[in-house]
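Here are my notes for your review. Please read them with the model open.

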Amino acid sequence: MNDKEIIKHKAEYFASCPKGVEELLFQEMSELKIGGISKSIGGVHFEGKHEDFLKVILYSRLASRVYKKLFTFDIKVEKDLYHRGMEIKWKTIFGLDQTFKIQTILMRSPDGKKKSKFSNTMILSQTLKDAIVDRFREDEEGVRPNVNKQNADASFIVHIAPYDDTFTTKEKVTIMVDLAGEPLSNRGYRDPGFEAPLRENLAAALILSTDWNKTETFIDSMCGSGTLLIEAAMIKGNIPASYYKLKKGVQYAFFNLYLFNKDKDLIDAWNTEVKLALNQAKKGFESLKTTKLYGYDMVHHHMNLCLNHVEKCELKDVIVVNREDATRLTPAFTPGVVIANPPYGERMGEDDKELAGLYYNYGENLKQNFKGYRAYIFTGNLPMIKKISLKTSAKLIFYNGDIECRLVRYNLY
């Protein structure tokens, strides 16, 4: 690429996801028949028509956000980012009456061997912000849009990555705009302001990583606010991940962008896809009428949250919740899958006696009372896995935010 060349992308996108979920997201997008997909650290690249990015927004259980790639160019120094930014007609993407924000992420080279030579992402974001503002001033007689770091109309993400070539100092800049707005993992069924330890898309990834066949027993023995249970029910019923947002009439970020909001073909495609998604959800709820999933917890507050979320999700006849101690729980059902997301503890890696006792006693109860089941434990406190005196049959690595976690499987004979 010529140092001064700016490539404008037409129909290229990136779906982000939690680290460790990339392969599952790739498989999901293959099943959705999304075109031009390729895996990357933190997500999946794809290409296609409007219908393709709309399908990811509406149906993906695993994506966190969906971005449209806008521009790619090379830079050698920070001021190059300003000069390239000044060449772009930003008013074709968003307007003066709208707000914007920028997040810069420094990446490794494609082969993973080189780090970016840049270090201060705040300065890089500020540099591009200055270019956007100054270009608007040039085009709009001195008037500029405002920045809103919390709730912007146009949210840009900038990836800066070195090339594999050890002899070049150039780095590749890719500018993308968020099409989702609120993370896709926020399904819309949790109470406002509630911060659960497990995001919905990571919960879905854990369920899809088990060998649950959707017809056998499913038990969440430490159900907390009910996220794993609700995601399992949605997976079994094939209810689109966006269903609860669609019911609320949530507006996705792409509606605000000049890039899209005057596009009649996009509006028509959206209306068509929404009808299909709602129809699929209706059939899904019908199919769940004979289904029962089981959740247990000891904490009253958790129980109340779980029951509230289950009711909001129209799943109170599907998900059965009871107050039980997971270390003493005895299932009265034919074998299937039992899953738990035990507490990690406040001090990761430390051998807290109470926490160690919980993990040990839970493992002993699995051994005694869950014969014939496959058990899965998801934890970010890796030393605690050793407190469970069962032979592991599989371990998968996921990241819950910045915490490295394991999904551990046990076959119980």
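**Notes on the model**

1. Start at K214. This residue is found in the loop between helix 5 (200-209) and strand 10 (217-220). The model is a predicted one. K214 has a phi near 75 degrees, a positive value in a residue other than glycine. Most residues other than glycine have a negative phi. K214 counts as partly exposed, because its relative accessible area is 36%, and the partly exposed class runs between 20% and 50%.

2. Now look at N238. Its place is in the loop between helix 6 (227-237) and helix 7 (243-248). Here too phi is positive in a residue other than glycine, near 55 degrees. With a relative accessible area of 43%, N238 is partly exposed. Please check the backbone at K214 and at N238 on screen.

3. Next, strand 14. How many of the six residues of strand 14 are buried? Six of the six, in residues 374-379, so the strand is largely enclosed by the rest of the structure. Buried here means under 20% relative accessible area. Both faces of strand 14 are covered. On one side R374, Y376 and F378 are buried. On the other side A375, I377 and T379 are buried.

4. Which strands pair with strand 14? One is strand 13 (residues 336-340), which runs parallel to strand 14 and is joined to it by four bridges. Within this pairing, I339 has Y376 of strand 14 as its bridge partner. Another is strand 16 (residues 403-411), which pairs with strand 14 in the antiparallel sense over six bridges. There, F378 stands opposite L407 of strand 16. Y376 and F378 both belong to the buried set on one side of strand 14.

5. On to surface charge. K8, K10, K89 and K91 gather in a patch of positive charge on the surface. Of these, K10 sits in the loop between strand 1 (7-8) and strand 2 (12-16). Is K10 buried or exposed? K10 counts as exposed, because its relative accessibility is 76% and the cut-off for exposed is over 50%.

6. Last, K275. This lysine lies in helix 9 (residues 264-287). K275 is exposed, with a relative accessible area of 64%. Its C-alpha atom and that of T92 are separated by 30 Å. Along the chain, K275 and T92 are 183 residues apart.

Methods. Residues numbered from 1 in each chain as written. Predicted model: local features only at pLDDT ≥ 70, side-chain atom pairs only at ≥ 80, totals over all residues. Heavy atoms only, no water. Patch = residues over 30% accessible without salt bridge, like charges linked within 9 Å, V, L, I, M, F, W, Y side chains within 5 Å. Areas by Shrake-Rupley, 256 points an atom, 1.4 Å probe, with all protein chains shown as cover. Salt bridge = Lys/Arg side-chain N within 4 Å of Asp/Glu carboxyl O. Lys, Arg positive; Asp, Glu negative; His and termini not counted. Charge placed at Lys NZ, Arg CZ, Asp CG, Glu CD. Helix = DSSP H or I, 4+ residues; strand = E, 2+ residues; numbered from the N terminus. Buried < 20%, exposed > 50% of the residue type's maximum accessible area, 1.4 Å probe, protein only. Pairing = 2+ DSSP bridges.
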